[in-house]
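The following exercises are to be worked with the sequence and the model at hand. Each task is followed by a solution in steps.

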Amino acid sequence: MKPPSDLATDLRAAVRLGSVDGGSAAASVGGRQPAWQCTPADVAELQACLRAARAHRAGVVVAGGGRGLQTGRAPTRYDVRLSTRSLDRIVAHEADDMTLVVEAGATLDVIDDVIAPAGQRLPIDPPNPERTTVGGMIAADAFGLLRSSHGKVRDSLIGIAAVLADGTLGHGGGRVVKNVAGYDVMKLLCGSFGTLAVVVEACFRLRPRPQVRRLGWLPCSSLDEALARALRLHAAAVDPAYARVLCAGAAARVGVDGPTLATGLEGSPAEVDAAAARVDEVVGAGVRWADLANDDSLEAGLRHAQVRDRDDALTVRMSLPVSEVGAAVAAWADPEDGCVAAAADVSGGLVHLHLRGADDVVVAAAAALREAAFERRGFAAFVDVAEPLAARLDPWGRVPGEALMQAVKRELDPGEVLSPGRFLG
């Protein structure tokens, strides 16, 4: 009779070419530290890791660059941190077909270096591309400035490979643009925060790289003015790559004085020139234009406006009807209520609010913001919470379809191996 084994022994048997190490404080999630950290060398080793974890009823949290782990509840069980960083191959770049197949551990900056010589790009631009892996981007449904013009992850994703909690490898979509028949499992995994399966490979539809990229800054006398100009731009016959309003606090973080409307334009030289003239006409004189060909630090700072500063207690992300964004931001961007920075994408109905202050003040403000979002037919999530406050705040609140999501979780991961307790329920 085979003697019983422990989790560590089975993990080491599963990971021959990769590594199995003891847990560390750096790997903690929500104040919990794992017993083990596993870095499988390939998909087969990752499958074996999950089979071992399932056999021991261990809780597994999957990590790429680790940025998505700032969102969600603390895991109810956290025995293994499973890293996908060794799964970082560029599997195939079909430049003529404008598709890219890549493993989950590849970072966005590396991907851009590979496809840029072909005049192509992946139009998903979350902050910190050097720390954002493909798997983490899909799991967290990460995005940046280009969300309003190019959509979210699922709009570029055309194929996926993922490992279920029992070690089974499954596929969705394919390597051609028109490929989905039946239920689109790719959309199911986008934004699932690692609770349903481990993404190991993805196929994306690429876009042409714009010849010219230009950024316009319009300093305004007040936040109300910046929002009003942004709404005029939204209503006009202009199609910018993005338009983001910053309150004075958020503008200061990117080196700009006072409330600001920032607009990005992309395309051929003639297209960008015409669009810039139209923006000047719609929002008024005073836009300061900068070519981003040689220096995109301004745009990187603008993108980073949606990220919590280390001294902030909490970041609230709101999705609202476009008609509600202006009034909502004007009402909530108030330092006396703990909001020190606000960034709003009017066309996308998206607002990021960063709160700071005493714990009780922040908790009360966050609860009020969530209720106000619901009253305005929107939704509010606490996407990044400083650890001392994490236990006092529900990151998700009331979520439409929560019962259905829980049923899908029970079907795909009945043993609750993957990120137990991190998402809903």
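A residue counts as buried under 20% relative accessible area, as exposed over 50%, and as partly exposed in between. The model examined here is predicted.

**Exercise 1. Determine whether Arg57 and Glu416 are buried, partly exposed or exposed, and describe the sign of phi in each.**

Solution.
Step 1. Arg57 is located in the loop between α2 and β3 (60-63). The relative accessible area of Arg57 is 59%, and the cut-off for exposed is over 50%, so Arg57 is exposed.
Step 2. Glu416 belongs to the segment after α15. Its relative accessibility is 34%, so Glu416 counts as partly exposed.
Step 3. Most residues other than glycine have a negative phi. Arg57, however, has a positive phi, near 55 degrees, and Glu416 likewise has a positive value, near 50 degrees.

**Exercise 2. Identify the buried residues of helix α1 (residues 7-14) and state where they lie around the axis.**

Solution.
Step 1. Leu7, Ala8, Leu11 and Ala14 are the buried residues of α1.
Step 2. These residues cover an arc of only 125 degrees around the axis, and therefore lie on the same side of α1.
Step 3. The spacing can be related to a general rule: an α-helix has 3.6 residues a turn, so residues three or four places apart point the same way.
Step 4. The elements against which the buried residues of α1 pack are β1 (19-22), β2 (36-39), α2 (43-55) and β4 (80-83).

**Exercise 3. Characterise the aromatic pair of Phe193 and Phe423, and state which parts of the chain it ties together.**

Solution.
Step 1. The structure contains four aromatic pairs. In the pair of Phe193 and Phe423, the ring centres are 5.7 Å apart and the planes make an angle of 50 degrees.
Step 2. Planes under 30 degrees apart would be stacked and those over 60 edge-to-face, so this pair is classed as tilted.
Step 3. Phe193 lies in the loop between α7 (185-189) and β10 (198-205), and Phe423 in the segment after α15 (402-412); the pair therefore ties together parts that are 230 residues apart in sequence.
Step 4. Phe193 and Phe423 are both buried, and together with Trp396 they form one aromatic cluster.

**Exercise 4. Describe the open sheet of eight strands and the helix α13 that packs on it.**

Solution.
Step 1. The strand order is β15-β12-β14-β13-β17-β18-β16-β19, and the pairing is antiparallel.
Step 2. β15 (288-291) and β19 (379-385) are the edge strands, each of which pairs on one side only.
Step 3. On average, neighbouring strands of this sheet are turned by 20 degrees against each other, direction ignored.
Step 4. Helix α13 (residues 359-375) packs on the sheet and touches β16 (314-319), β18 (350-355) and β19. The direction of α13 makes about 150 degrees with that of β19.
Step 5. Within the sheet, five bridges join the antiparallel strands β13 (residues 242-246) and β14 (residues 260-267); among the residues involved, Arg244 has Ala262 in β14 as its bridge partner.

**Exercise 5. State how β8 and β9 are connected, and which residue in the turn has a positive phi.**

Solution.
Step 1. Strands β8 (residues 157-163) and β9 (residues 169-173) pair in the antiparallel sense over five bridges. The bridge partner of Ile160 in β9 is Gly172.
Step 2. The two strands form a hairpin with five residues between them. Gly167, in the turn, has a positive phi of about 90 degrees.

Technical notes. Residues are numbered from 1 along each chain as its sequence is written. This is a predicted model: local features need pLDDT of at least 70, side-chain atom pairs count only at pLDDT 80 or more; totals for chains, interfaces and linings use all residues. Side-chain values use heavy atoms; hydrogens and water are left out. Buried means under 20% relative accessible area, exposed over 50%, partly exposed in between (1.4 Å probe, protein chains only). Helices (H or I, at least four residues) and strands (E, at least two) are DSSP runs, numbered from the N terminus. The arc is that of the directions from the helix axis to the C-beta atoms. Contact means heavy atoms within 4.5 Å. Rings of Phe, Tyr and Trp (its six-membered ring) pair if their centres lie within 6.5 Å; planes under 30 degrees apart count as stacked, over 60 as edge-to-face and the rest as tilted. Two strands pair if DSSP finds at least two bridges between them. Axes are lines fitted to C-alpha atoms, for helices over the stretch in contact, and angles run from 0 to 180 degrees between N-to-C directions.
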